[in-house]
Amino acid sequence: ILWVEVEDKYCMLHTKERKFTLRQSLKDLAEKLDPSIFVQTHRSFVVNANEIEDIDTSLFIVRINGTEVPLGRAHKDELIKRLQML
């Protein structure tokens with residue numbers, strides 16, 4: 001899993017090959033993901049920290065596999081702290 005994003009009542013799991021759709025809340029899904037690998041970057045996004053290519057803190061964007069994922073202001077400091085631990 002590269003990242004997970006929420007659309008309405010569905011979680012979209014993005015992998016390198018395809019996208020999977022689950023009818024589950026992000027909170028419930030995040031509890032099942034390994035917290036040492038996955039980190040929330042936005043209220044609607046959880047990303048695989050090992051797959052992060054770039055973080056632009058001025059534009060509040062995280063790049064994964066060439067895709068820009070939003071970085072919420074509330075999650076920025078936690079993400080930076082977590083990446084320093086890796």
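Me: Exposed means over 50% relative accessible area, and buried means under 20%. With that in hand for this predicted model, why does D8 count as exposed?

Reply: D8 has 76% relative accessibility. The cut-off is over 50%, so D8 is called exposed. You'll find D8 in the loop between β1 (3-7) and β2 (10-14).

Me: How far apart are D8 and R23, in sequence and in space?

Reply: They're 15 residues apart in sequence, and their C-alpha atoms are 9.4 Å apart in space.

Me: On to salt bridges. What makes K16 and E51 a salt bridge?

Reply: The rule wants a side-chain nitrogen of Lys or Arg within 4 Å of a carboxyl oxygen of Asp or Glu. The closest N and O atoms of K16 and E51 are 3.9 Å apart, which is within 4 Å, so the pair gets the name. K16 sits in the loop between β2 and β3 (19-22), E51 sits in the loop between β5 and β6, and the pair links distant parts of the chain, 35 residues apart.

Me: Why is K16 called exposed, and why is E51 called partly exposed?

Reply: K16 has a relative accessible area of 55%, which is over 50%, so K16 is exposed. E51 has 25%, which lies between 20% and 50%, so E51 is partly exposed.

Me: How do you know that E68 and R63 form a salt bridge?

Reply: Same kind of check: their closest N and O atoms are 3.5 Å apart, within the 4 Å limit, so they qualify. R63 has a relative accessible area of 23%, and because that falls between 20% and 50%, R63 is partly exposed.

Me: What about K81 and E78: where do they lie, and what makes them a salt bridge?

Reply: Both lie in helix α2 (residues 73-85), 3 residues apart, about one turn of the helix. Their closest N and O atoms are 3.9 Å apart, so they are within 4 Å and count as a salt bridge. K81 is at 48% relative accessibility and E78 at 36%, so both land between the cut-offs and are partly exposed.

Me: Which residues do salt bridges with shared partners join into one network?

Reply: D54, R63 and E68. By this rule the count comes to 4 salt bridges.

Me: Now the strands. Why can we say that β6 and β7 pair?

Reply: Two strands pair if there are at least two bridges between them. β6 and β7 (residues 61-64) are joined by 4 bridges, so they pair, and they run antiparallel. D54 has R63 in β7 as its bridge partner.

Me: Which strands are at the edges of the open sheet β6-β7-β8?

Reply: The sheet has 3 strands in that order, with antiparallel pairing. β6 (52-56) and β8 (67-70) are the edge strands, as each pairs on one side only. From one strand to the next, the twist averages 25°.

Me: What makes β5 a partner of both β1 and β4?

Reply: β1 and β5 share 3 bridges, and β4 (residues 38-42) and β5 share 4. Each count meets the minimum of two, so β5 pairs with both, antiparallel each time. E5 has F45 in β5 as its bridge partner, while V39 stands opposite V47 in β5. A hairpin through 2 residues joins β4 to β5.

Me: Which way do the residues of β5 point, and are they buried or exposed?

Reply: In β5 (residues 45-48), F45 and V47 point one way and V46 and N48 the other. All are buried, meaning under 20% relative accessible area.

Notes:
Residues numbered from 1 in each chain as written. Predicted model: local features only at pLDDT ≥ 70, side-chain atom pairs only at ≥ 80, totals over all residues. Heavy atoms only, no water. Buried < 20%, exposed > 50% of the residue type's maximum accessible area, 1.4 Å probe, protein only. Axes fitted to C-alpha atoms, helices over the stretch in contact; angles between N-to-C directions.
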